[in-house]
Amino acid sequence: MLASAERGKVQAYEYPSKVFPTTCTQEDVGKEVLPTLLQDFWSERNVMIFAYGQTGTGKTTTMFGFPDSLTWETEDPGWGLLPRAVHATLAHITAQAQQGVHSVLLLSAVEFYAFMAFDLADTAGKQMCTMAGHQVVGNTYTKCDSPAILKAFIERVYGNRKVVATKMNEGSSRSHCAIVLTLLTLDKASQHFRQRQFSIVDLAGAERPEKALGERISKEKAMQDMIRYMKTPSADMSPGLQGFLINFELSNLLTEVVTATNAHKAKRQYKSSGFGNSASIAYFGGALAGEARLGVIICLSQSKQHGWETWFSVAQYGKQISEL
């Protein structure tokens with residue numbers, strides 16, 4: 001993979017396990033990414049995969065799929081990783097039941113916004129959750145025993161998630177969204193019970209505020225706006241403050257990745273810094289500590305005017321994550 005730095009220097013990056021061309025399909029991505037992750041999820045390991053990229057590069061579509069595709073209970077070309085993982089897991093449950101291994105699949109969804117965690121799947125509206133270590137506490141679970149459940153579930157999640165229109169994306173995600181598959185399995189013969197989680201995470205889009213919003217908010221102004229927001233959290237947060245917090249958390253996540261990499265290389269236990277009790281950093285900390293198999297998709301813009309953002313995604317974010 002080649003990327004040009006700011007001064008025109010071309011450098012090769014060999015860390016990607018797969019580079020998808022612009023002609024690839026949703027099915028191509030699913031067939032390449034999911035099989036090994038699902039095998040771990042169905043056996044003994046937790047799994048997390050997240051998508052990183054600037055706003056408008058297709059992260060939400062890659063992870064969840066085109067909205068219209070979710071109305072189909074049979075395989076649809078527009079499916080993202082989530083519906084493909086759900087349908088494959090339901091088929092796996094059916095096959096395992098014939099061998100005396102019985103499982104239940106649960107769905108949950110959590111939004112990480114302004115350092116806090118919220119339940120996106122509650123029919124009563126978005127409720128705040130708490131964190132216990134790396135685990136979200138207080139979110140609701142929906143039993144998934146049929147593909148028909150997925151459409152209503154996703155619509156509820158989309159309806160609760162925080163999005164705004166920017167100059168780069170009419171529906172820019174302003175929060176990190178994790179949809180979690182929880183698999184409960186009981187082997188009747190051995191009486192062995194297992195619980196595993198597969199977290200499919202769509203990160204909020206990284207952005208240059210001057211491109212997305214037309215102006216850059218200063219750190220001082222962001223702190224003032226944040227104090228006002230904390231006093232009246234029912235009010236809408238300004239787009240400028242949202243963008244500032246998104247970039248701040250994405251930067252902190254990369255810092256945590258580097259910290260975890262250095263700890264593992266030194267054969268020391270990684271401990272999350274928490275960065276001011278950020279719920280998202282605490283949540284990702286579980287995978288960084290080795291509690292889950294971690295996969296990452298870097299989504300890139302094909303537009304020349306976004307060349308710097310593409311270089312940063314490949315050369316900085318992607319490369320440093322690959323070293324973990």
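## The loop after strand 4

Phenylalanine 115 sits in the loop between strand 4 and strand 5, where helices (H or I, at least four residues) and strands (E, at least two) are DSSP runs numbered from the N terminus. Its phi is near 75°, a positive value in a residue other than glycine. Phenylalanine 115 counts as partly exposed, at 22% relative accessibility; here buried means under 20% relative accessible area, exposed over 50%, and partly exposed in between, using a 1.4 Å probe and protein chains only. Alanine 114 belongs to that loop between strand 4 and strand 5 (116-119) too, and has a positive phi of about 55° although it is not a glycine. Alanine 114 counts as buried, at 9% relative accessibility.

A word on where this comes from: the model is predicted, with local features needing pLDDT of at least 70 and side-chain atom pairs counting only at pLDDT 80 or more, while totals for chains, interfaces and linings use all residues. Residues are numbered from 1 along each chain as its sequence is written, and side-chain values use heavy atoms, leaving out hydrogens and water.

## The chain overall

The protein chain has nine helices and 13 strands. Of its 324 residues, 48% count as buried. Take the contacts (heavy atoms within 4.5 Å) with a separation of 6 or more: residues 24 or more positions apart account for 67% of them.

## Two nonpolar cores

Which residues touch the most other members of the largest nonpolar core? They are Ile49, Val86, Ile179, Leu181 and Phe198, out of 37 residues in that core. A nonpolar core, by the rule used here, is a set of buried Ala, Val, Leu, Ile, Met, Phe, Trp, Tyr and Cys residues joined through side-chain atoms within 4.5 Å. Elements that each supply at least two residues of this core include helix 1 (26-42), strand 3 (46-52), helix 3 (81-97), strand 11 (176-187) and strand 12 (192-202). Helix 1 gives the largest share, seven residues.

Leaving aside residues up to four places away in sequence, isoleucine 49 touches Val33, Leu37, Met63, Leu81, Phe198, Ser199, Ile200, Val201, Gly295, Val296 and Ile297. Apart from the largest core lies another one, of 31 residues, among them Met48, Phe50, Val257 and Ile321.

## Helices 4 and 8, and histidine 87

Helix 4 has Leu150, Phe153, Ile154, Val157 and Asn160 as its buried residues. These cover an arc of only 130° around the axis, which puts them on the same side of helix 4; the arc is that of the directions from the helix axis to the C-beta atoms. An α-helix has 3.6 residues a turn, so residues three or four places apart point the same way. The cover over the buried residues of helix 4 includes helix 3, strand 4, strand 8 (142-143) and strand 11.

Histidine 87 has its place in helix 3, and is buried, with a relative accessible area of 16%. Not counting residues up to four places away in sequence, histidine 87 touches Glu73, Trp79, Pro147 and Leu150. Histidine 87 and glutamate 75 are 8.3 Å apart in space, C-alpha to C-alpha, and twelve residues apart in sequence.

Helix 8 is mostly covered, with ten of its ten residues buried. Glycine 290 follows helix 8, and has a positive phi, near 95°.

## Cavities and the largest pocket

How many cavities of 30 Å³ or more are there? The count comes to three, and the largest has a volume of about 80 Å³. On a 1 Å grid over the protein atoms alone, a cavity is a set of points where a 1.4 Å probe fits but cannot get out, and a pocket is an open set with protein on both sides within 12 Å along at least five of seven lines; lining residues have an atom within 4 Å of a point. Grid points are joined across faces, edges and corners, and a volume is the space filled by probe spheres set on the points. Back in the loop we started with, Ala114 and Phe115 are among the residues that line the largest cavity. Helix 7 (239-265) and strand 4 each supply at least two residues of this lining, and helix 7 gives the most, with four residues.

The largest pocket holds about 1,300 Å³ of space. It is lined by 41 residues, of which Lys18, Phe20, Val296, Ile297 and Ile298 lie nearest its centre. Strand 13 gives the largest share of the pocket lining, seven residues.
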